[in-house]
Structures are given as C-alpha cells and as structure tokens.
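Please read this briefing with the sequence and the model side by side. The points are grouped by topic, and each can be checked against the structure.

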Amino acid sequence: MRAARLIKMVLLLQSRPSMTAAELASELEVSERTVTRDAQALSEAGVPVYADRGRIGGYRLIGGYRTRLTGLARGEAEALFLSGVPGALREMGLEDAASAARLKVSAALLPSLRDASRTAAQRFHLDAPNWFREPTTPELLPAVAEAVWDDRRITARYRRGEDLVERELEPYGLVLKAGVWYLCARVSGQGAFRVYRIDRFAAVEAGGERFERSADFDLPAFWGERAEEFARSLLRAEVVVRLSEEGVRRLPHVVDPRAAREALAGVVAGAGEWVRVTLPVESEEVAHEQLSALGAEVEVLAPAALRERFAVGAARLAGLYGV
C-alpha cells in the first residue's frame with residue numbers, strides 16, 4: 001500500500017512544478033505528516049525530492065528526474081485524454097485504473113503538453129443519459145466489464161419476459177447508449193453475436209476459461225448495423241399524410257429521422273405547396289403522438305382511424321379555445 005502511494009507521489013511531482021504538503025495530502029488521501037515521512041523515504045531511496053521551506057513552500061523534484069514522451073504532439077496528447085469518459089469508467093469499476101494511467105501519462109509528457117488533460121476537458125464532454133431520466137448503474141456491470149477486458153467466458157442468467165434464461169457467453173464488448181449499458185456477446189459454441197441489456201442480468205459468474213476473440217469482430221460496425229436493424233424493425237405500420245412546406249422541414253425532428261428521409265426522398269415542397277407522402281411509423285398511437293407536434297402543418301389522410309383521432313383532438317381543441 002505504501003509503495004503504491006510513494007509511486008503516486010513521484011508521479012504527481014513529475015506532472016507539476018511543485019506541490020504543497022496540503023495538496024499532496026489531499027491527492028494521496030493521507031495526513032501532511034505522512035507526506036513529510038514519505039518525502040523523506042523517497043529522498044533516502046535516491047529520488048531527488050526537495051522541500052522548499054516557508055509559507056509558500058512545497059515539494060518538487062530536482063535534477064530533471066522524469067521520463068518524457070517526446071513523440072506526442074499537442075493534438076495527440078489532447079486526444080489521449082479524451083479517450084476516457086469519466087462517468088462510464090466509474091460505472092465499469094475502472095475509475096482508479098484510468099486515473100492512475102492519466103497521471104502516469106501526465107508525468108511523462110513534456111512540460112509544454114502538461115495542460116493537455118485540462119484543455120481537452122474544457123472543450124469536450126460526453127453526457128450520455130437522456131434528458132429527464134435518472135441514470136442508474138447496473139449492479140452487475142463491473143463484473144461484466146472485467147470479463148470483457150479479460151476475454152473470459154461468463155455464465156449469465158438474464159430476464160426474458162417473465163422467464164430467467166441461462167447462457168454461457170463470450171463477452172466481446174460494452175456499449176453505453178443514452179445512459180443504458182448493453183453487452184455484445186456470442187453464445188459459446190455459436191457463431192452469431194447478440195445484444196443484451198446489462199440491467200436485465202440477474203446473475204453473472206465468470207469462469208476460469210478464456211475465449212479466443214474473432215479477429216474480424218468490429219464493435220462500432222456491429223453496433224451501428226444492429227442499431228439500424230432495430231430501428232427499422234420498430235417501423236411496422238404506415239400512414240399517409242399531407243405536409244406543408246413547414247411540415248416537410250420539421251418532419252425529421254418529430255419522427256424517426258430514417259423514416260422521414262425515406263418518406264421525403266425526392267419530395268420538393270415549393271412555397272405554399274402541400275405534398276403527399278407515405279411515412280413508416282411504429283404504430284398508429286406513436287404516429288399520433290409524434291405528428292401532433294406538427295400542429296396544422298400536417299393532415300393525416302390514412303388510415304381512417306388515425307384521421308378520426310386527429311379530427312376528435314382538433315374538435316376538442318376548438319372547444320377549449322372557443323373557436
């Protein structure tokens with residue numbers, strides 16, 4: 001434990017010109033007296049830790065005691081610090097490892113690149129969860145993440161409807177989509193890859209056996225294809241509508257963008273013109289909710305039941321506003 005703390009202290013001092021005892025104590029989560037003892041131990045071991053006395057004094061390394069990654073340009077260094085998403089790493093149980101890695105890299109960088117982590121963090125931030133949704137971390141996520149990193153088979157029980165199903169899985173990769181964690185895995189002995197929601201796992205047990213990853217598996221490409229297939233599979237119905245020029249402009253913002261692109265392919269609405277399109281939708285109920293956002297810029301022509309639903313809603317609104 002102390003050895004790890006001493007190493008971290010050296011890395012902290014390599015990454016900054018100097019640090020006060022209070023700053024080191026806060027970073028190392030120890031007392032200032034422990035910092036003093038650790039600095040003395042490092043000095044006795046040959047690490048050139050120098051203590052500046054006085055009110056604004058502190059600790060620093062002398063004699064150029066550092067390893068430098070001189071091959072990194074500023075853009076490369078900033079991109080490196082963007083690669084870790086703090087919230088996601090924390091949920092997977094990798095926050096400490098990522099913090100230690102960033103600290104080691106910071107310590108090894110040239111002084112001119114030391115602020116790369118700060119400048120990157122001030123310019124880019126990933127906020128994965130949806131608005132108005134309280135994100136929850138699946139209890140079994142750290143165990144699944146560990147198996148993914150270690151290429152280790154797992155025995156998982158997951159909820160499928162009202163039933164619990166048990167499978168032996170080869171966990172290939174994790175995806176965080178709008179605050180929800182998914183596992184891309186292959187059932188042992190089968191070639192097809194599947195997607196599982198981590199929060200539906202009831203139990204996960206890592207075995208002692210590792211699996212050999214397929215060299216052809218590309219996680220981003222697989223997820224992109226599967227996400228598009230899933231989105232298309234939801235569009236099981238069609239509605240026929242008339243859209244104003246403004247309705248054409250706003251349609252991709254209120255329905256599935258792929259469905260809007262498909263419906264509007266080749267359609268050009270001139271000034272004051274209305275166009276007739278056939279729109280793929282998930283269901284009549286969903287279509288009513290989505291198309292209502294267009295107000296008077298859309299007229300539903302079919303199916304008749306959906307048109308009647310809009311007519312009833314329009315009559316109720318007219319009654320409310322005394323039209």
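Contacts between residues 24 or more positions apart make up 62% of the protein's contacts with a separation of 6 or more. The model is a predicted one. The chain holds 13 helices and 10 strands, and 34% of its 323 residues count as buried. About 20000 Å² of the protein is exposed, and 50% of that area comes from carbon and sulfur atoms.

**Strand pairing**

- Strand β8 covers residues 237–243 and runs antiparallel to strand β9, residues 275–281, with 7 bridges joining the two.
- Within this pairing, V239 has L279 in β9 as its bridge partner.
- Strand β8 is also joined to strand β10, residues 298–302, by 4 bridges, and this pair runs antiparallel too.
- Opposite L243 stands V298 of β10.
- In a regular strand, side chains point to the two faces of the sheet in alternation.

**Salt bridges between separate parts of the chain**

- The protein has 17 salt bridges.
- One of them joins R5 and D38, with the closest N and O atoms 2.6 Å apart.
- R5 belongs to helix α1 (residues 2–15) and D38 to helix α3 (residues 32–44), so this salt bridge ties together parts that lie 33 residues apart in sequence.
- R5 counts as buried because its relative accessible area is 18%, under the 20% limit for that class.
- D38 is buried as well, with a relative accessible area of 1%.
- Another salt bridge links E299 and R242, and here the closest N and O atoms are 2.6 Å apart.
- This pair connects distant parts of the chain, since E299 sits in strand β10 and R242 in strand β8, 57 residues apart.
- E299 counts as partly exposed at 24% relative accessibility, and R242 counts as partly exposed at 30%.

**A further salt bridge**

- R60 and D52 form a salt bridge whose closest N and O atoms are 3.0 Å apart.
- R60 has 29% relative accessibility and is therefore partly exposed.
- D52 has 28% relative accessibility, which also makes D52 partly exposed.

**The network around R186 and E170**

- R153, E170, R186 and E209 are joined into one network by salt bridges that share partners.
- R186 is part of strand β5, which spans residues 180–187.
- With a relative accessible area of 15%, R186 is buried.
- The side chains of R186 and Y172 make a polar contact at 2.9 Å.
- Beyond its neighbours within four places in sequence, R186 is in contact with residues including E168, E170, Y172, F193 and E212.
- E170 is part of strand β4, which spans residues 163–177.
- E170 is buried, at 6% relative accessible area.
- Not counting residues up to four places away in sequence, E170 touches several residues, among them R153, C184, R186 and F211.

**Backbone details in loops**

- The peptide bond between A302 and P303 is cis, with omega at about 5°.
- P303 is located in the loop between β10 and α13.
- E29 has a positive phi, near 60°, and is not a glycine.
- The loop that holds E29 lies between α2 (21–28) and α3.
- Is E29 buried or exposed? E29 is exposed, because its relative accessible area is 73% and the class begins over 50%.
- D151, also not a glycine, has a positive phi of about 50°.
- D151 is placed in the loop between α8 (141–150) and β3 (152–160).
- The relative accessible area of D151 is 22%, so D151 is partly exposed.

**A nonpolar surface patch**

- Which residues form a nonpolar patch on the surface? They are L317, L320, Y321 and V323, and together they have about 550 Å² of accessible area.
- L320 lies in helix α13, residues 304–320.
- L320 counts as exposed, with 67% relative accessibility.

Methods
Residues numbered from 1 in each chain as written. Predicted model: local features only at pLDDT ≥ 70, side-chain atom pairs only at ≥ 80, totals over all residues. Heavy atoms only, no water. Patch = residues over 30% accessible without salt bridge, like charges linked within 9 Å, V, L, I, M, F, W, Y side chains within 5 Å. Areas by Shrake-Rupley, 256 points an atom, 1.4 Å probe, with all protein chains shown as cover. Salt bridge = Lys/Arg side-chain N within 4 Å of Asp/Glu carboxyl O. Buried < 20%, exposed > 50% of the residue type's maximum accessible area, 1.4 Å probe, protein only. Polar contact = N/O pair within 3.5 Å; in protein donor to acceptor, adjacent residues only side chain to side chain. Contact = heavy atoms within 4.5 Å. Pairing = 2+ DSSP bridges.
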